[in-house]
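Q: I should like to learn how to read a protein structure, one feature at a time. Where should a beginner start?
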Amino acid sequence: MKAKNPITQFGELFERAKAAGEPGDVTRCALATAGSDGAPAVRMVLLKGFDEHGFVFYTNYGSRKALELEENPRAALCFHWLSIEEQVRVEGPVARVSEAESDAYWAGRSRLSRLGAWASKQSQPLGSRGELLRRFAEAELRYPVRPVPRPAFWGGYRLEPERIEFWSGKAHRLHDRRVYTRREGGWSVARLFP
Ligand SMILES: Cc1cc2nc3c(=O)[nH]c(=O)nc-3n(C[C@H](O)[C@H](O)[C@H](O)COP(=O)(O)O)c2cc1C
C-alpha cells in the first residue's frame, strides 16, 4: 500500500484545527528532549514552519533545551488539537537551521519580541523580575532607532521526522492510530492498537 505523505496529512490537520477554531495558538506543541543523563524534559514551543525537511521552532541557544539538544540531538514533538480530537507525535534528529533562515524568521518578529530575546538569558537563574525589566530597558537603549539585530544566541532548530504518529479520537475509546516510519525514498505506514 502506498502511504499518503504524513507531512501533507499533518498540514491538512493543522488547517482543519485552525478552521475549527482551535482555542489558543494552533502551532503550540510540547517539545521533549533528554540530555546525556537520559532524563526527559518537556516544555511547550510554537511551531514556526514545517515541510518535507522538517519541523522548525525557535529558541535561545543557551537554554536548557538547547544544551540538551547539543548533548543529544534528538527530540519529540506532540501536538494536541482539542477542536478536532487529534494528536500528532513527531520524532527524529534535530539540527540548528542556517543563520540565513534564522535571520529571515527574525526579520518578521516585532521590535518588542526582539528586545525580549535580547533581555532573556533563557533558563538561567534570575534574581528578580526587576532585573529582567532592566535588561529589556538596556536593550531598548542600545537599539533606539536601528533595527534590533538577531542575537547570535537565538535561532531555530529543525526536527527531521523519522516517525510520525496520528491519533484520531473515536467513540468507545476505539481510537485510530497510524504510525509512519521513514524508509528509503518514502514512508511505511502501520496501524497500532489504541
Ligand atoms: C504556549 C507556549 C509557547 C511557547 N513557545 C516557546 C517557543 O517557541 N520557544 C521558546 O524558547 N520557548 C517557548 N515557550 C516557553 C517554553 O515552554 C519554556 O519555558 C522555555 O523555552 C524554557 O525551556 P527550557 O528551560 O527547557 O529550555 C512557550 C511556552 C508556552 C506556554
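Q: About how much area does the protein expose, and what share of it do carbon and sulfur atoms supply?
A: One begins with the whole before turning to its parts. This is a predicted model. The protein exposes about 10900 Å², and 56% of that area comes from carbon and sulfur atoms. Of its 194 residues, 40% count as buried. The C-alpha atoms fill a box of roughly 60 × 40 × 30 Å along the principal axes.

Q: How many helices and strands does the protein have?
A: There are five helices and ten strands. One may then ask how the chain comes together. Among contacts with a separation of 6 or more, 62% join residues that are 24 or more positions apart.

Q: Which residues have the most contacts inside the largest nonpolar core?
A: A nonpolar core is read as a set of buried residues joined through their side chains. Here the largest such core has 29 residues, and Phe10, Phe55, Leu77, Phe79, Trp81 and Val88 have the most contacts inside it. At least two residues each come from helices H1 (6-19) and H2 (64-71), and likewise from strands E1 (28-34), E4 (54-60), E5 (74-81), E6 (86-96), E7 (154-159) and E8 (163-168). H1 gives the most, with five residues. There is also a second, separate core of eleven residues, including Val56, Trp106, Ala117 and Val148.

Q: Which residues does Val88 touch, leaving aside those up to four places away in sequence?
A: Val88 touches Phe10, Leu13, Leu77, Cys78, Phe79, Trp81, Ile164, Glu165 and Phe166.

Q: Why do the buried residues of H2 lie on the same side of the helix?
A: The general idea is that an α-helix has 3.6 residues a turn, so residues three or four places apart point the same way. In H2, the residues Lys65, Ala66, Glu68 and Leu69 are buried. They lie on the same side of H2 because they cover an arc of only 160 degrees around the axis. The buried residues of H2 pack against E1, strand E2 (40-46), E4, E5, E6 and E7.

Q: Which residues are around the ligand?
A: One lists the neighbours, and then looks for pairs of polar atoms. The residues around the ligand are Arg43, Met44, Val45, Leu46, Tyr58, Thr59, Ser63, Arg64, Lys65, Gln122 and Ser123. An oxygen atom of the ligand is 2.7 Å from a backbone N or O atom of Met44. A nitrogen atom of the ligand lies 2.9 Å from a polar backbone atom of Tyr58. The side chain of Lys65 has an N or O atom 2.5 Å from an oxygen atom of the ligand. On its own, the ligand has 620 Å² of accessible area, of which the protein covers 63%.

Q: What is the sign of phi in Glu85 and in His172?
A: Most residues other than glycine have a negative phi. Glu85, in the loop between E5 and E6, has a positive phi near 50 degrees. His172 also has a positive phi, near 55 degrees, and lies in the loop between E8 and strand E9 (176-183).

Q: Are these two residues buried or exposed?
A: Relative accessible area decides the matter. Glu85 has a relative accessibility of 44% and therefore counts as partly exposed. His172 has a relative accessible area of 70%, so it is exposed.

How values were computed:
Residues numbered from 1 in each chain as written. Predicted model: local features only at pLDDT ≥ 70, side-chain atom pairs only at ≥ 80, totals over all residues. Heavy atoms only, no water. Core = buried A, V, L, I, M, F, W, Y, C linked by side-chain atoms within 4.5 Å. Buried < 20%, exposed > 50% of the residue type's maximum accessible area, 1.4 Å probe, protein only. Helix = DSSP H or I, 4+ residues; strand = E, 2+ residues; numbered from the N terminus. Contact = heavy atoms within 4.5 Å. Arc of directions from axis to C-beta. Near = heavy atom within 4 Å. Polar contact = N/O pair within 3.5 Å; in protein donor to acceptor, adjacent residues only side chain to side chain. Areas by Shrake-Rupley, 256 points an atom, 1.4 Å probe, with all protein chains shown as cover.
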